[in-house]
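Thanks for asking me to look through this structure with you. Here are my notes, written as numbered points so that you can follow along on the screen.

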Amino acid sequence: MTINELQDEVIEEFSDFSDWMDKYQYLIDLGNEQQPLDDKYKTESNLIDGCQSRVWLQADLTDGKIELTAESDALIVKGIIALLIRVLSGHTPSEILDADLYFIDRIGLKEHLSPTRSNGLLAMIKQIRLYALAFKTKEEV
């Protein structure tokens with residue numbers, strides 16, 4: 001599936017909930033379903049700067065596609081990173097760099113996060129894009 005198809009799928013799922021408490025619960029459920037990050041990746045270098053809670057993000061390039069894995073010590077943040085992984089993991093660096101992540105606004109996520117969580121969301125996206133840029137640059141060399 002393309003990044004946009006995955007985003008549309010997420011938007012569709014969130015449209016099933018009218019109440020934000022249900023959406024938060026869904027985010028928590030998504031985070032809980034995520035595979036735990038291997039302890040060897042829970043390093044200082046994998047911690048995302050700018051997040052209030054601790055978020056570790058690991059990116060690997062496999063057959064030209066970026067595979068993302070992550071974990072957080074906060075339940076909602078774990079769900080947010082699970083959404084980002086679902087939409088972006090398994091795509092090429094160029095696809096990730098060119099992606100317009102419209103699903104965040106369409107599901108109302110940014111407006112329902114505290115300012116610190118919103119900053120954390122932006123930091124997670126920035127880090128994923130930095131990994132994509134680094135992998136893309138490496139491929140071009």
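1. Please keep in mind that this is a predicted model. A good place to begin is helix 3 (75–88), which has 14 residues. From its first C-alpha to its last, helix 3 reaches 20 Å, close to the 20 Å expected at 1.5 Å a residue.

2. How many of the residues of helix 3 are buried? The count is 12 of the 14, so helix 3 is largely enclosed by the rest of the structure. You can find the buried residues by name: I76, V77, K78, G79, I80, I81, A82, L83, L84, I85, V87 and L88. Notice that K78, which counts as charged, is on that buried list. Just after helix 3 comes G90, with a positive phi near 90 degrees.

3. Now see how helix 2 (residues 20–33) meets helix 3. Their axes are 7 Å apart, and the packing angle is about 70 degrees. An angle from 65 to 115 degrees counts as roughly perpendicular, so helix 2 is roughly perpendicular to helix 3. On the helix 2 side the contact is made by Y24, Y26, L27, I28, L30, G31 and N32. The helix 3 side contributes L75, I76, K78, G79, I80, A82, L83 and R86. Sorted by kind, the residues of this contact are 10 nonpolar, 3 polar and 2 charged.

4. Helix 1 (residues 3–15) also packs against helix 3, at an angle of about 140 degrees and with the axes 8 Å apart. How is helix 1 placed relative to helix 3? It counts as oblique, because only an angle over 145 degrees would be called roughly antiparallel. Here I3, L6, Q7, E9, V10, E13 and F14 of helix 1 meet L83, R86, V87 and L88 of helix 3. The residues of this contact divide into 7 nonpolar, 1 polar and 3 charged. Try picking out L83 and R86 on screen: they take part in the contact with helix 1, and they also take part in the contact with helix 2.

5. Next, have a look at the strands. Strand 1 (55–62) and strand 2 (65–72) pair in the antiparallel sense, over 8 bridges. Which residue of strand 2 is the bridge partner of W56? The partner is E71.

6. The turn of this hairpin has 2 residues between the strands. One residue to examine there is D63, which lies in the loop between strand 1 and strand 2. Although D63 is not a glycine, its phi is positive, at about 50 degrees. Is D63 buried or exposed? With 79% relative accessibility, D63 counts as exposed.

7. Two other loop residues make a nice contrast with D63. Q34 sits in the loop between helix 2 and strand 1, and a relative accessible area of 16% makes Q34 buried. Leaving aside residues up to four places away in sequence, Q34 touches A70, E71, K78, I81, A82 and I85. H91 is in the loop between helix 3 and helix 4, and H91 is buried too, with a relative accessible area of 6%. With the same residues left aside, H91 touches M1, T2, I3, L6, G64, K65, I66 and I96.

8. Helix 6 (115–140) deserves a point of its own. This helix has 26 residues and reaches 37 Å from first C-alpha to last, close to the 38 Å expected. Its buried residues are S118, G120, L121, A123, M124, I125, I128, Y131, A132 and F135. As you read that list, remember that an α-helix has 3.6 residues a turn, so residues three or four places apart point the same way. What covers the buried residues of helix 6? The cover includes strand 1, strand 2, helix 3, helix 4 (93–98) and helix 5.

9. Last, find G108, in the loop between helix 5 (103–106) and helix 6. G108 counts as buried because its relative accessibility is 8%. In sequence, G108 and K23 are 85 residues apart, while in space they are 9.9 Å apart from C-alpha to C-alpha.

Technical notes
Residues are numbered from 1 along each chain as its sequence is written. This is a predicted model: local features need pLDDT of at least 70, side-chain atom pairs count only at pLDDT 80 or more; totals for chains, interfaces and linings use all residues. Side-chain values use heavy atoms; hydrogens and water are left out. Helices (H or I, at least four residues) and strands (E, at least two) are DSSP runs, numbered from the N terminus. Buried means under 20% relative accessible area, exposed over 50%, partly exposed in between (1.4 Å probe, protein chains only). The expected span of a helix is 1.5 Å times one less than its number of residues. Contact means heavy atoms within 4.5 Å. Axes are lines fitted to C-alpha atoms, for helices over the stretch in contact, and angles run from 0 to 180 degrees between N-to-C directions. Angles under 35 degrees count as roughly parallel, over 145 as roughly antiparallel, 65 to 115 as roughly perpendicular and the rest as oblique. Two strands pair if DSSP finds at least two bridges between them.
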